[in-house]
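Let's sit down with a model and learn to read two kinds of feature, salt bridges and pockets. Have the viewer open as we talk.

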Amino acid sequence: MNANLLIALYSFAGAATSGLAGAAALRLLRRRSLTASLAVVSAVGVVAMLAGTLAVAWAMFLSPHDLQVVTTVVAMAAVVSLATALLLGRRFVARSRELAVAARSFGEDGAFAVPETPATAELESVSRELAATSAKLTASRERERALETSRRELVAWISHDLRTPLAGLRAMAEALEDGVATDPGRYLTQMRTEVDRLNDMVGDLFELSRIHAGALPLSPARMSLYDLVGDALAGADPLAREHGVRLVGDHVEPVPVEVDGKEISRVLGNLLVNAIRRTPADGTVAVAVERAREGSVVVSVTDGCGGIPEEDLPRVFDTGWRGTHARTPPAGAGLGLAIVRGIVEAHQGRATVRNIPGGCRFEVTLPTAS
């Protein structure tokens, strides 16, 4: 048999035996520290080389002196290799512990701080991912706090707004029952008005719950915003006359959109009612429709409310939010603008508000029909 082939076979047999032993050791130590695994890997390499060398030496009948020299060289290599593996393992374990300590802040409502000590590329990648996850968790916590605050305010305001008409209904019902009402017809008319208010409030709550649950049914159809705005202006005109407010809709382009006409009409109605109630007598509420960038259209409602405080602008569309001057009936429960945003976003649009001289401007951006 060829001498080189024989040497290769003996070397492979000795190395394979060491490799199998090392694999068994790694399996036993798979739940231990990485330092132990690195030490085993290093030892396998050295022992495999030593086993192969000894097998070849035995087959080639090397002299004892030569065999001792080879063994000494391999032993020194083993010492250096094991020392290097232990040092590397300790460094890796130390960086892993620092990363674990930093990651504990996730559960303590804190931000993740990347360890300053340099680490391997893999640990650096894990640190970046943890930092990104920390940012997402922080944003999620902030949204959760905002929603919880909004929910509490909504419950408090709804409770107040429900208690007031219910108390009035009870008092009027008792007056009618006892026969002490001087004008029963007026009492009945007032009771019908309060019942309508309660019905509208419950309807808004039901609509908002469907929006938040993502269960708002839409039946989109191609129609013109010119017609939708015209119908909304006609519906809001009696309220505008009652408040002495002028409605203007001179800048309305007949832009086609594919929307649910009933829901978008509700959006326009809520915006107009909100604007009319907050505009002083002899003021003006203007509606405009104009094309924006390609593929979208902006519907704007401008009022004369005097402006919204800058710190309140981000909360205008929050559930239950109402301006400080609008905390009493008939201002509503603060659901109208939240419903506006929910319906618009369900149509893949966007609702915004900004201050202008003398008032504010609500804008609804919708995609145009293809």
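The dialogue below takes these features in turn for this predicted model.

Q: What is the general idea behind a salt bridge, and how many salt bridges does the count give here?
A: Side chains of opposite charge can pair when their charged atoms come close. In this model, the count comes to 9 salt bridges.

Q: Let's take one within a helix. Which residue does D237 meet in a salt bridge?
A: Select R241: its side chain and that of D237 meet with an N to O distance of 2.7 Å.

Q: Where do D237 and R241 lie relative to each other along the helix?
A: Both belong to helix α6, which spans residues 225-243. Because D237 and R241 are 4 residues apart in that helix, about one helical turn separates them.

Q: Are these two partners buried, partly exposed or exposed?
A: They fall into separate classes: D237 is partly exposed, with a relative accessible area of 28%, while R241 is exposed, at 65%.

Q: Now for E363. Which side chains does E363 meet in salt bridges?
A: Two arginines are worth selecting here. R354 pairs with E363 at 3.2 Å, N to O, and R361 pairs with E363 at 2.7 Å, again N to O.

Q: How accessible are E363, R361 and R354?
A: The cut-off to keep in mind is that buried means under 20% relative accessible area. E363 is therefore buried, with a value of 16%, and R361 counts as buried at 16% as well. R354, at 41%, counts as partly exposed.

Q: Which residues are joined into one network by salt bridges that share partners?
A: The network consists of E290, R354, R361 and E363.

Q: Let's move on to empty space. What is the general idea, and how much space lies in the second largest pocket?
A: Rolling a probe the size of a water molecule over the atoms shows where empty space is left. Here, the second largest pocket holds about 280 Å³.

Q: Which helices each supply at least two residues of its lining?
A: Look at α4 (121-178), α5 (184-212) and α8 (336-346).

Q: Which residues line the second largest pocket, and how do they divide by character?
A: Among them are R143, L147, S150, H212, D318, R341 and E345. The lining divides into 4 nonpolar, 4 polar and 4 charged residues.

How values were computed
Residues are numbered from 1 along each chain as its sequence is written. This is a predicted model: local features need pLDDT of at least 70, side-chain atom pairs count only at pLDDT 80 or more; totals for chains, interfaces and linings use all residues. Side-chain values use heavy atoms; hydrogens and water are left out. A salt bridge is a side-chain nitrogen of Lys or Arg within 4 Å of a carboxyl oxygen of Asp or Glu. Buried means under 20% relative accessible area, exposed over 50%, partly exposed in between (1.4 Å probe, protein chains only). On a 1 Å grid over the protein atoms alone, a cavity is a set of points where a 1.4 Å probe fits but cannot get out, and a pocket is an open set with protein on both sides within 12 Å along at least five of seven lines; lining residues have an atom within 4 Å of a point. Grid points are joined across faces, edges and corners, and a volume is the space filled by probe spheres set on the points. Ala, Val, Leu, Ile, Met, Phe, Trp, Tyr, Cys and Pro count as nonpolar, Asp, Glu, Lys and Arg as charged, and the others, Gly among them, as polar.
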